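Work through the exercises below with the model open. Each task is followed by a stepwise solution.

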Amino acid sequence: MRFVSLAIRNAKETCRDPLALGFLIAFPLLFMLLFGAALGGNSSLSYTIGVVDQDKTEVSGQFINQVLPGVAIFKIAPFESADEATEALKNANIKAALVIPAGFGDEVTKNWQQQQSNIILELVYDESDLTVSSQIVSTINATIRDFARVNIPVTINTSHINVETEVSQIDFIAPGIIIFGLLIMVPTSARIMVRDKETGFMARLLATPTYPWEFIAGYSASMLIVAIFQIIIFILLGIAFGMTVVGNMALAFLIFFLTAVCSISIGMIVAALAKSENQAEPLCWIISMPLAVLSGVWFSQEIMPGYIQFLGNIFPYSHAVSAARMVIIRGAEFSAVSGSIVFLACWAVIAFSLGIILFRYKMRA
Amino acid sequence: MFALLGPNGSGKTTTINMLCCLLKPTRGTARVMGFDINREARSVKTVIGVSPQETTLSDHLSSLENLELIAKLRGVPPDKARKWSAALVEIMGLGERRKDQVRKFSGGMKRRLSIAMALIADPAIIFLDEPTLGLDPQARRALWEYIASFKGEKTILLTTHYMEEADFLSDNIAVMDSGKIAAMGSSLDLKTLSMDKHTIIINAWNMTLKALDDIRAKYPEVKVNGNSLSISGKMLDFKETTDFVHSTGAIIRSAYFKEPSLEDAYLKITGKELAD
C-alpha cells in the first residue's frame with residue numbers, strides 16, 4: 001500500500017508546514033468569521049409583504065391570516081387594492097406585493113378535493129434586489145404548495161420545503177463559504193505536488209517502483225484527510241454562528257466530500273501540467289476565483305445571465321452550492337439532490353482519472 | 001564505483017535520468033541489470049537507488065521518516081523499513097538528530113541523508129548525481145569518506161565535475177563531453193593518456209649558474225623555482241637525469257617523478273579546462 005505511505009507523508013508535510021496549513025484553514029475561516037460575525041446571531045431575514053385579497057373567500061382569508069403570518073421570513077401588510085400595494089412597493093415600504101385574484105379559493109378547494117385546478121397568484125417584486133425577490137418567490141411558491149397540497153415539482157421530487165424554518169442570512173451564506181473553502185483546495189493540493197516536482201523530491205519518488213495511480217491517490221488521500229477536518233470545522237463554525245442544518249447532516253457532508261474530491265483532482269491536473277510553483281499558483285487562482293463567483297458561492301446564481309449560469313453549471317461547484325443549500329436550508333432529502341450528487345461524483349471520477357493519465361504521461365516526459 | 005566526469009551541460013545528469021527511467025531517450029535504449037529502460041521501467045526501478053543532484057528531501061519529515069518513506073515505496077515491509085532506516089541513520093552519522101525535521105539540517109547532513117535514501121532497501125545499483133555539489137571542502141571530504149566506505153559492497157555510478165572527487169572515489173571514470181563519452185578507464189589509465197612527457201622535480205643545493213646552464217643545455221624544458229628544479233621531456237630516465245644533475249656539482253636533497261593529474265588528462269582529452 002504505497003499510496004498510504006505517500007498519503008501519510010503528504011499529510012505530515014502539510015500539517016507540519018504552518019504556512020500551508022494556515023492558508024488552507026485560515027483563509028476560508030477568515031471569511032466564515034467575517035460573514036458569521038456580520039450576518040450571524042439572531043438577525044434572521046424578515047421581509048414585509050403587501051397582500052391584496054381580491055378573492056375575499058374563507059379560503060383566501062385563511063391563507064392570508066393564518067398561513068402567511070406563520071412564515072418566519074414574512075411580515076404581512078394588507079392592502080385594499082393592487083395599486084396601493086404597488087405604490088408601497090415603489091416607496092420601498094414593502095419588499096413584494098402579493099395579489100390573490102378572484103377564484104383563488106375555488107381553485108384551492110378543487111385541489112383539496114383532488115380535482116383538476118389552476119391556482120394563480122400575482123406577485124409584484126422589486127427587480128433591483130433579485131436575491132431577495134427570488135427568495136420571496138420561492139418561499140411563497142413553497143407556502144402555497146403546502147397550503148393547497150400541490151405535489152412538489154419533479155425536480156425536487158418528494159422533498160418537503162419546510163416553510164416553518166427560520167432562514168437566516170448565515171443559513172444562506174454558510175454552505176457557500178464551505179464550498180469556497182473546498183475550492184481553495186485546488187491551489188493547495190496543486191502546491192504540494194508542484195513543490196515536490198520543483199525541489200526534485202518527485203524525481204526521487206518517481207525513481208521508486210510506484211504506480212502513477214498510487215502517486216495521485218497518495219497526494220489526494222492526504223488532502224482528503226485535511227478536507228474532512230476542514231468540512232467539520234466549517235460546519236461547526238457555521239452552527240456556532242447560527243446556521244441551522246434542517247436536512248440530513250450526512251447528506252450535506254457527502255456533498256462537501258465529493259466537492260473536495262473534485263477540487264483535489266483539479267489541483268492534481270494543474271500540478272501535472274505546471275512546471276513550477278510560480279506557474280501553478282496563478283493558474284489555480286485563475287480557475288478557482290472565477291468559479292467561486294460563477295457557482296453562486298457568495299450570492300444566488302439566479303441573478304446571473306443565462307449564459308453565465310450555463311458556464312457555471314458545467315463545473316461541479318454550482319451544483320454543490322445549490323445541493324448543499326437545499327439540504328441545509330430546505331431539508332431536502334437524497335432523492336431531491338441525487339442529480340447533483342451524481343454530477344459531482346461523475347466530475348470527481350473524470351477529473352481523478354484525467355489526473356492519473358496526465359501524471360502518467362508527464363512522469364517520464 | 002564508476003564516475004561520469006564532465007563539466008555542467010556535458011550530459012551527466014541526463015544520462016543518469018535516462019538510466020533511472022525518469023527521462024525517455026529520444027532514441028536508443030539501455031539495460032540496467034538486464035532490464036530495458038524503455039520497456040521495463042518498473043523493473044529497473046526495483047533494482048536502483050537514486051540520490052538526485054538537488055538535496056531532495058521531505059523537509060518537514062525527520063531523517064528516519066524520510067528513509068522509511070523511500071523504503072516503503074521500494075516495497076520493504078514496514079517493520080523492516082523501520083529497522084533498516086534506524087541502522088542507516090546511525091551508519092551515516094545522523095543518529096543523534098534522527099527525529100529532527102530535516103529542514104533544520106546542515107548541507108552536509110542533508111547530503112548524507114540523501115545518499116542514505118539511495119542506499120535504503122539494498123538496491124543493486126546506486127546512482128549518485130553530484131553527491132557533494134555545493135558543500136564546503138571539509139564537508140565534501142567527510143562525505144567522500146562515507147561514500148568510499150561502500151566501495152566493494154555496492155555498484156555505484158556517480159556524476160561529478162570535481163576532478164579530485166572522481167579521482168578519490170572511482171575505480172573507473174568516463175570523461176563526458178557534449179553528451180558523449182570522450183574517454184574511459186581507471187584514473188591511472190586516463191592520467192597515462194596525458195603522459196606524453198615526464199616531469200622530474202629535484203630539490204637541490206649548490207646549484208651554480210654553470211650547473212644550470214649545463215642542465216638547460218642537456219634538457220630542453222627546465223624550470224627553476226628557488227632550490228627546486230622541474231625537468232620535463234619525453235621518455236625521461238629518472239636515474240640518468242638525477243645522475244646528470246649530481247654531476248654538475250649540485251647536492252640533491254630529494255627527487256621524484258611528478259604524477260600526471262586527472263586535470264591534465266581531461267585537458268588533453270577534451271581540450272578544455274574543467275571549472276571547479
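**Exercise 1. Find the strand order of the four-strand open sheet in chain B, and its edges.**

Step 1. The order is 10-11-9-12 in chain B, with antiparallel pairing. Strands are DSSP runs of E with at least two residues, helices are runs of H or I with at least four, and both are numbered from the N terminus. Two strands pair if DSSP finds at least two bridges between them.

Step 2. Strand 10 (221-225) and strand 12 (251-257) of chain B each have a single partner strand, so one side of each lacks a neighbour in the sheet.

Step 3. On average, neighbouring strands of this sheet are turned by 20° against each other, direction ignored. Axes are lines fitted to C-alpha atoms, for helices over the stretch in contact; angles run from 0 to 180 degrees between N-to-C directions.

Step 4. Inside the sheet, strand 9 (residues 198-205) and strand 11 (residues 228-233) of chain B pair antiparallel over six bridges. Ile202(B) has Leu229(B), in strand 11 of chain B, as its bridge partner.

A note on the source: this is a predicted model, where local features need pLDDT of at least 70 and side-chain atom pairs count only at pLDDT 80 or more, while totals for chains, interfaces and linings use all residues. Residues are numbered from 1 along each chain as its sequence is written, and chains are lettered from A and ligands numbered from 1 in the order in which they are written.

**Exercise 2. Do the same for the six-strand open sheet of chain B, then place the helices that pack on the sheet.**

Step 1. The strands of chain B run 4-5-6-1-7-8, and the pairing is mixed.

Step 2. Strand 4 (48-51) and strand 8 (180-185) of chain B are the edges; each has a single partner strand, so one side of each has no neighbour in the sheet.

Step 3. Strand 1 (residues 2-5) and strand 7 (residues 172-177) of chain B pair parallel over four bridges. Phe2(B) has Asn172(B) as its bridge partner in strand 7 of chain B.

Step 4. Helix 1 (residues 12-19) of chain B touches strands 1, 5, 6 and 7 of chain B, and its direction makes about 150° with that of strand 5. Contact means C-beta atoms, placed from the backbone, within 7 Å. Helix 11 (residues 262-270) of chain B touches strand 7 and strand 8 of chain B, at about 40° to the direction of strand 7.

**Exercise 3. How many residues does each chain give to the contact?**

Step 1. Chain A gives 19 residues and chain B gives 25.

Step 2. On the chain A side, helix 1 (2-15) and helix 9 (201-206) of chain A are the elements that give two or more residues.

Conventions. Contact = placed C-beta atoms within 7 Å.
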